[in-house]
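Please open the structure in the viewer and keep the selection panel at hand. The tour below proceeds stop by stop, with a selection to make at each one.

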Amino acid sequence: MAEGHAIGIDLGTTYSCVAVWQDDHAEIIANDHGNRTTRSYVTFTESKRLVGDEAFNQVGRFPANSIFDAKRLIGRKFSEDSVQKDKKLWPFKVIEGPADKPMIAVTHRGEEKKFSAEDISSMVLAKMREIAESYLCSKISEKNAVITVPSYFNDSQRQATIEAGKLAGLKVLRILNEPTAAAIAYGIDKKAGRFNKRNVIIFDWGGGTLDVSLLTIGHGAFDVKSTAGDTHLGGEDLDNRMVNYCVEEFKRKQNVDICGDAKALRKAKTACEKAKKALSFSFDTDIEIDSWYKGEDFHTNFTRDLFEEMNMDIFNKCMEPVKKCLEDAKMDISNVDDVVLVGGSSRIPKVQEILQEVFKGKELCKSMNPDEAVAYGAAVQAAVLSGNIAGKLRDFSLSDVIPMSLGIEVDEEKHMSVVIPRNTKIPIKNNESFTTFYDNQTAITFRVFEGESEFTKDNNYLGGFTIRDIPPARKGTVEADVCFSIDANGVLTVSAEILCTGQKKAITIHNDR
Ligand code: AMP
């Protein structure tokens with residue numbers, strides 16, 4: 001078990017937050033600007049590399065060299081739809097790297113440099129580590145950290161996040177699901193979760209992702225029942241809609257299209273995000289962009305009604321994971337005791353209103369700081385994993401689940417046979433036996449997938465291996481024992497053994513596959 005201080009880091013799409021467990025509570029650590037959350041930005045100026053709020057402050061000057069949203073790229077392939085779509089909106093350049101890996105290209109010190117999403121995330125993580133170290137007036141003991149990810153992150157995205165942690169010089173004690181971390185923060189402060197069992201829904205809507213989890217909490221135990229979400233639905237989608245609106249307005253008024261102008265789009269994004277936040281508290285606001293394009297200013301009044309109308313489909317989409325979560329946990333809304341809001345975008349009144357309607361008028365729990373709850377819970381888990389089991393952490397126990405079904409391709413029609421169904425508690429080990437499917441088959445290829453479709457072509461390929469030199473025999477007579485094992489981080493190892501010969505092979509699914 002790790003000793004000393006360990007930190008919890010919420011590595012967010014737009015903001016990150018770091019916390020440490022001290023004096024029986026989690027302390028959210030402010031950065032050198034006094035902010036308790038730090039922008040997840042990296043900017044390359046002519047001579048320097050800036051990270052965090054400093055990087056954000058230089059975005060206007062270096063739009064093509066200011067990188068954000070690395071979390072939307074991490075663990076993904078360049079050819080994925082979401083990457084192709086996002087690429088069009090980002091002012092920085094994303095190009096195809098080796099093995100279909102997206103790479104971010106910037107100009108630094110007169111040269112083109114390429115970075116992976118892991119590289120950029122590691123810079124943000126290193127910044128968070130420094131913030132914690134300067135607060136603790138010490139190096140973090142063995143640099144132990146718990147890092148959170150959306151619960152709907154797949155295996156590749158989790159592996160890539162661990163890799164980013166390592167690159168940042170951190171020892172990643174655990175990858176923790178964000179809504180689980182938020183639930184821990186909620187439960188720990190309610191007398192260390194020692195109240196009688198309650199079913200709690202965590203609705204966590206941040207800058208880039210939506211995560212919903214249903215947990216049973218009580219007597220110090222946090223038991224995740226189900227989880228669902230969308231790794232590509234967040235506050236930034238709302239900002240983009242507003243930017244598009246402003247671009248169209250400008251086109252209409254000035255007859256110029258600024259679509260391809262990275263600097264102008266960046267300015268609009270900052271102004272729109274500010275207006276969006278204001279609309280959570282007032283019914284209308286002004287969007288003002290000084291010398292937006294060729295010295296022309298832009299000004300428009302923006303109402304909450306218009307904001308809601310243009311984003312209604314997104315708000316409604318947010319309710320789908322809520323329903324899926326309840327179905328998977330085999331629970332009805334009447335079984336839910338608390339609905340807890342987490343993530344900056346959960347402040348939007350219309351989202352709260354729709355959520356409240358879904359839960360038949362139930363009061364939503366807004367008592368936690370939605371920007372800090374995830375880091376708070378991560379700090380709890382980091383402390384427990386470092387051997388701190390005193391005070392509120394006494395009796396702490398956590399059981400989490402996997403977000404997607406895992407299985408293997410079984411026949412020539414490419415059906416997927418599920419070995420571990422989604423929402424199974426982890427860690428877990430499951431064995432399944434398979435037989436050869438044609439006569440005299442001398443090799444079996446084990447192809448591992450995650451997803452919910454009965455056909456592997458619609459699921460996500462994770463990796464595979466082949467066992468050869470199997471003695472020829474009639475189909476269905478050679479038996480292979482396949483074992484899927486998932487550790488507490490949600491990382492999967494698959495092994496297979498041909499029972500009649502004892503031949504064995506195994507893989508741990510790595511990010512680079
Ligand atoms: P998180 O990833 O949880 O830090 O959430 C960040 C997202 O929340 C960003 O898209 C912010 O623009 C958004 N956000 C923060 N505060 C508000 C607010 N008052 N109203 C609407 N969105 C907000």
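Two strands are said to pair if DSSP finds at least two bridges between them. With that term in hand, please note that the model is predicted, and begin with the sheet to which the term applies.

**First stop: a sheet of six strands**

Select β18, β13, β14, β15, β19 and β22, which in this order form an open sheet with mixed pairing. At its edges lie β18 (338-342) and β22 (425-426), each of which pairs on one side only. Next, restrict the selection to β13, residues 198-205, together with β18: these strands pair in the parallel sense over five bridges. Within this pair, display Asp 204 and find Val 342 of β18 opposite Asp 204. In a regular strand the side chains alternate between the two faces of the sheet.

**Second stop: the whole chain**

Now show the entire protein chain, which contains 12 helices and 28 strands. Its radius of gyration is 24 Å, close to the 24 Å that the globule rule gives for 513 residues, so the chain is as compact as a globular protein of that length. Taken along the principal axes, the box filled by the C-alpha atoms is roughly 80 × 50 × 50 Å. Of the 513 residues, 58% count as buried. Among contacts between residues at least 6 apart in sequence, 65% join residues at least 24 apart.

**Third stop: a sheet of three strands and a helix**

Select β6, β5 and β7, an open sheet with the order β6-β5-β7 and antiparallel pairing. The edge strands here are β6 (49-51) and β7 (66-67), and each pairs on one side only. Add helix α4, residues 117-136, which packs on this sheet and touches β5, β6 and β7. The direction of α4 makes about 110° with that of β5. Then look closely at β5, residues 42-44, which pairs with β6 in the antiparallel sense over three bridges. Phe 44 stands opposite Arg 49 in β6.

**Fourth stop: two crossing helices**

Select helix α6 (residues 178-188) and helix α12 (residues 373-385), whose axes come within 7 Å and cross at roughly 80°. Angles of 65 to 115 degrees count as roughly perpendicular, and α6 and α12 are therefore roughly perpendicular to each other. To see the contact, display Glu 178, Ala 181, Ala 182, Ile 184, Ala 185 and Ile 188 of α6, with Ala 373, Val 374, Tyr 376, Gly 377, Ala 378 and Val 380 of α12. By class, the contact has 10 nonpolar residues, one polar and one charged.

**Fifth stop: a hairpin**

Select strand β16 (residues 284-293) and strand β17 (residues 296-303), which pair in the antiparallel sense over seven bridges. Glu 288 faces its partner His 299 in β17, the two standing opposite each other. Two residues lie between the strands of this hairpin, and Lys 294 takes a positive phi near 45°.

**Last stop: a residue in a loop**

Finally, select Thr 14, located in the loop between β1 (7-11) and β2 (15-22). Is Thr 14 buried or exposed? The relative accessible area of Thr 14 is 12%; buried means under 20%, so Thr 14 is buried. Leaving aside residues up to four places away in sequence, Thr 14 touches Thr 38, Arg 39, Ser 40, Tyr 41, Gly 207 and Glu 236.

Key:
Residues numbered from 1 in each chain as written. Predicted model: local features only at pLDDT ≥ 70, side-chain atom pairs only at ≥ 80, totals over all residues. Heavy atoms only, no water. Helix = DSSP H or I, 4+ residues; strand = E, 2+ residues; numbered from the N terminus. Contact = heavy atoms within 4.5 Å. Axes fitted to C-alpha atoms, helices over the stretch in contact; angles between N-to-C directions. Parallel < 35°, antiparallel > 145°, perpendicular 65-115°, else oblique. Nonpolar A, V, L, I, M, F, W, Y, C, P; charged D, E, K, R; others polar. Rg over C-alpha atoms; globule rule 2.2 N^0.38 Å. Buried < 20%, exposed > 50% of the residue type's maximum accessible area, 1.4 Å probe, protein only.
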